[in-house]
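Biologist: I would like to learn how to read a sheet in a model. Please take me through one, strand by strand.

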Amino acid sequence: MKSLVLEKVNELSLRDFPIEKSEEALGAHDVRIKMHTVGICGSDVHYYTHGSIGPFVVKDPMILGHEASGTVIETGSAVSTLSVGDRVCMEPGIPDPNSKATRLGMYNIDPAVRFWATPPVHGILRPTCVHPEAFTFKLPDAVSYGEAAMVEPLAVGVHAATKAQVKPGDIAVVLGAGPIGLVTALAAIAAGCARVYVTDIVDRKLEIAASLHPAITSVNVASESIADRVSRDTGGWGANVVFEATGSPRAAQGIFEPLCPGGCVVLIGGQSEPIAYDAGAAMVREARVENIFRYAHVFPRCVDMLASGTIDVKPLITRTFEFDQSVEAFEIAASAPPSDVKMQILLPQ
Ligand SMILES: [Zn+2]
């Protein structure tokens, strides 16, 4: 079927791509889904421009895309919660249901997890896919396909806020105003934060951040210290939670500075190399440090929050492309226009 294929670094093509028969076979607990909307993720772009992320190296042509919504077109014989015609979004990581990590509830860190568009597993920038019922979530009418394709990145923010154990009235800092920083800020507010400071060094991104919610304050850390700003606004106490969403070793260096005594730091941004960590600054605060890897158990929560309006991701969807324009869309995404948060690709219906 016609798919967006990463042939090798810096080479994409939209072409007919043979999918393994085993991957196309519909198991008793699977559904077949016709794709509707697929978001372009920073990781898709990174595979395109670099050919690898950490230990995951693209060795053979691979279909990109993992942020998706679509429509159920066929159900396996044992499927009971979904029907043909249901609008759905899909969680892209499928763990081994019998692994120890899965049995302990931590299926996202199952070493055997198969995650779309993480080599050697193909992504879903293609007309259809087969997916387990357990990782496919029905959409209420109030949630559009575009919003539903935002559930995947939003899930990262919701998982981060959950790990932080945000309490009503907390003050949070989110380092980085990229798509993950912004969904983390929205998730932290939904979890109860009274104020979220979002930092970056690009003014346009900070303008977008501040426009999303009245509880968001943007701080350009090229000209202002976030630690000083938070200290001034909190009577010298600090923020309850600091979320690291830049993946920049420099940002991580000062991560405990804006944090209050007893506060929590959540490391979200991927770090390809070991980074310096100020253990002394963490110690005097008895800081709790959480690491997250993708997400677990949060897709239904995200869908419910989009449906109720608790979280609005519509302003984050800044451009859409037709499937035929996929290669061009990736070229634009790779140039990282500061005015774009999330670009999405619409598949032919
Ligand atoms: Zn993603």
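Biologist: How many bridges pair E14 and E15, and in which sense do they run?

Modeller: Strands of a sheet pair through backbone hydrogen bonds, in either the parallel or the antiparallel sense. In this predicted model, E14 and E15 are joined in the parallel sense by 5 bridges. To find the place on screen, look for valine 198, which has serine 218 of E15 opposite.

Biologist: What is the order of the strands in the open sheet?

Modeller: The order is E15-E14-E13-E16-E17-E18, 6 strands with parallel pairing. Strand E15 (216-220) and strand E18 (288-291) each have a single partner strand, so they stand at the edges and one side of each lacks a neighbour in the sheet. On average, neighbouring strands of this sheet are turned by 20 degrees against each other, direction ignored.

Biologist: Which strands pair with E13, and over how many bridges?

Modeller: Strand E14 (residues 195-200) runs parallel to E13 and is joined to E13 by 5 bridges. Strand E16 (residues 239-244) also pairs with E13 in the parallel sense, over 4 bridges. Valine 173 is a useful landmark: tyrosine 197 stands opposite in E14, and the bridge partner in E16 is valine 242.

Biologist: Which way do the side chains of E13 point, and are they buried or exposed?

Modeller: In a regular strand, side chains alternate between the two faces of the sheet. Here Ile171, Val173 and Leu175 point one way from E13, while Ala172 and Val174 point the other way. Strand E13 covers residues 171-175, and 5 of its 5 residues are buried.

Biologist: Through which helix does the chain cross from E13 to E14, and is the crossover right-handed or left-handed?

Modeller: The chain goes through helix H6 (residues 179-190), and the β-α-β crossover is right-handed.

Biologist: Which strands does H6 lie across, and at what angle does H6 run to E14?

Modeller: H6 lies across E13, E14, E15 and E16, and runs at about 170 degrees to E14. Helix H7 (residues 203-212) can be read in the same manner: H7 lies across E14 and E15, at about 165 degrees to E15.

Biologist: Which residues does UniProt list for the "domain: Enoyl reductase (ER)"?

Modeller: The unreviewed UniProt entry lists residues 10-347 under that name. Over residues 10-347, the chain is 28% helix and 28% strand, and the end C-alpha atoms lie 23 Å apart.

Definitions and conventions. Residues are numbered from 1 along each chain as its sequence is written. This is a predicted model: local features need pLDDT of at least 70, side-chain atom pairs count only at pLDDT 80 or more; totals for chains, interfaces and linings use all residues. A residue is buried if 20 or more other C-beta atoms lie within 10 Å of its own, exposed if 12 or fewer, and partly exposed in between; C-beta atoms are placed from the backbone. Helices (H or I, at least four residues) and strands (E, at least two) are DSSP runs, numbered from the N terminus. Two strands pair if DSSP finds at least two bridges between them. A crossover is right-handed if, with the strands pointing away from the viewer, the path from the first strand over the helix to the second runs clockwise. UniProt positions are given in the numbering used here, feature names are shortened, and annotations may be inferred rather than shown by experiment. Axes are lines fitted to C-alpha atoms, for helices over the stretch in contact, and angles run from 0 to 180 degrees between N-to-C directions. Two residues are in contact if their C-beta atoms, placed from the backbone, lie within 7 Å.
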